[in-house]
Amino acid sequence: MLHTLIQSLQDFTMWLVDALGHWGIFLGMLIESVCIPLPSEVIMLFGGFMAEAGQLNFWLVVFAGIAGNLVGSLIAYYIGKFGGRALVLKFGKYIFLNVKHLDKAELWFGRYGARAVFFGRVLPVIRTFISLPAGIAKMNVWKFVIYTILGCIPWNIFLTWLGYSLGSNWSVVEKYTRPISYLMLALVIAIVIYLAYKVWNKRARNAK
């Protein structure tokens with residue numbers, strides 16, 4: 001069932017880009033950044049393939065992806081800022097958001113602050129949900145915008161270039177990028193847990 005759901009999301013993503021072109025990329029990346037888990041790897045890789053085929057423009061693909069990321073991230077940011085965690089938890093179930101997703105993003109943001117907005121753009125789950133804790137924490141909006149743009153630029157250029165270079169073989173990459181991304185996420189979570197344990201252990205010793 002999970003495989004079927006993932007495949008359906010991928011098929012919808014490809015249809016969106018094929019039907020709407022650059023606007024489809026913008027819309028797809030906006031949806032992913034507003035905490036609805038569309039696969040951004042598929043969006044940008046397929047966009048790169050379409051550019052190689054002459055149906056789209058390479059740099060407009062990149063720009064559309066970055067613009068979609070920014071607009072979607074700002075929507076999620078303001079949901080977090082004005083609605084808070086309670087609103088996110090109340091309605092998050094309708095976009096497949098659960099407490100664990102938000103907890104991971106909040107833990108990452110709590111540890112690294114503004115830097116999490118930048119580095120989190122290349123990590124699964126974190127990438128999709130990092131804007132919420134940034135808004136809940138009322139991070140400076142202009143700083144949020146700058147870190148979001150800077151974090152999106154290299155990732156979107158890389159994926160578009162990869163799809164462009166591989167042409168019709170672009171889909172092969174997506175099969176490998178997703179497991180690698182999840183491995184990176186597992187490593188990040190392990191580091192955060194270890195650091196949190198050290199802090200807790202230090203506080204416990206000081207309390208004695």
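Two residues are in contact when they have heavy atoms within 4.5 Å of each other. The structure above is a predicted model, in which local features need pLDDT of at least 70 and side-chain atom pairs count only at pLDDT 80 or more, while totals for chains, interfaces and linings use all residues. Residues are numbered from 1 along each chain as its sequence is written, and side-chain values use heavy atoms, with hydrogens and water left out.

**Exercise 1. The chain as a whole**

Describe the secondary structure, the burial and the contacts of the protein chain.

Solution. Begin with the helices (DSSP runs of H or I, at least four residues) and the strands (runs of E, at least two), which are numbered from the N terminus. The protein chain has 10 helices and 0 strands, and its pattern along the sequence is accordingly written α-α-α-α-α-α-α-α-α-α. Next comes burial, where buried means under 20% relative accessible area, exposed means over 50% and partly exposed lies in between, with a 1.4 Å probe and protein chains only. Of the 208 residues in the chain, 46% are buried. The chain exposes about 11200 Å², of which carbon and sulfur atoms supply 69%; such areas come from the Shrake-Rupley method with a 1.4 Å probe, and for residues only the protein chains shown count as cover. Finally, among contacts with a separation of 6 or more, residues 24 or more positions apart account for 76%.

**Exercise 2. Two enclosed helices**

Compare the spans of α2 and α3 with expectation, and decide whether each helix is enclosed or not.

Solution. The expected span of a helix is 1.5 Å times one less than its number of residues. For α2 (22-33), with 12 residues, this gives 16 Å, and the end C-alpha atoms are 17 Å apart, which agrees. For α3 (40-52), with 13 residues, the distance from the first C-alpha to the last is 18 Å, close to the 18 Å expected.

Turning to burial, 9 of the 12 residues of α2 are buried, so α2 is largely enclosed by the rest of the structure; among them are Gly24, Ile25, Phe26 and Glu32. In α3, 12 of the 13 residues are buried, so α3 too is largely enclosed by the rest of the structure, and the buried residues include Ile43, Met44, Phe46 and Met50. As a last step, look just beyond each helix: α2 is followed by Cys35, with a positive phi near 85°, and α3 is followed by Gly54, whose phi is also positive, near 85°.

**Exercise 3. The nonpolar cores**

Which residues of the largest nonpolar core touch the most other members?

Solution. A nonpolar core is a set of buried Ala, Val, Leu, Ile, Met, Phe, Trp, Tyr and Cys residues joined through side-chain atoms within 4.5 Å. The largest core has 17 residues, and those touching the most other members are Val17, Ile25, Ile43, Met44, Met50 and Leu56. At least two residues each come from α2, α3, α4 (58-91) and α9, with α3 giving the most, 6 residues. Now follow one member outward: apart from its neighbours within four places in sequence, Ile25 is in contact with residues including Val17, Ile43, Met44, Leu56 and Val61. A second, separate core of 12 residues includes Phe109, Ile126, Met139 and Phe144.

**Exercise 4. Buried or exposed?**

Classify Glu32, Cys152, Trp23 and Lys138 as buried or exposed, and place each in the structure.

Solution. Glu32, in helix α2, has 2% relative accessibility and therefore counts as buried. Leaving aside neighbours within four places in sequence, Glu32 is in contact with Leu38, Ser40, Asn69, Arg127 and Thr128. Cys152, in helix α9, is likewise buried at 2% relative accessibility; not counting residues up to four places away in sequence, Cys152 touches Ile66, Asn69 and Arg121. Cys152 and Asn69 are 83 residues apart in sequence, yet their C-alpha atoms are 7.2 Å apart in space.

Trp23, by contrast, sits in helix α2 and is exposed at 62% relative accessibility. Lys138 lies in the loop between α8 (131-136) and α9 (141-166) and is exposed, with a relative accessible area of 53%. Although Lys138 is not a glycine, its phi is positive, at about 55°.
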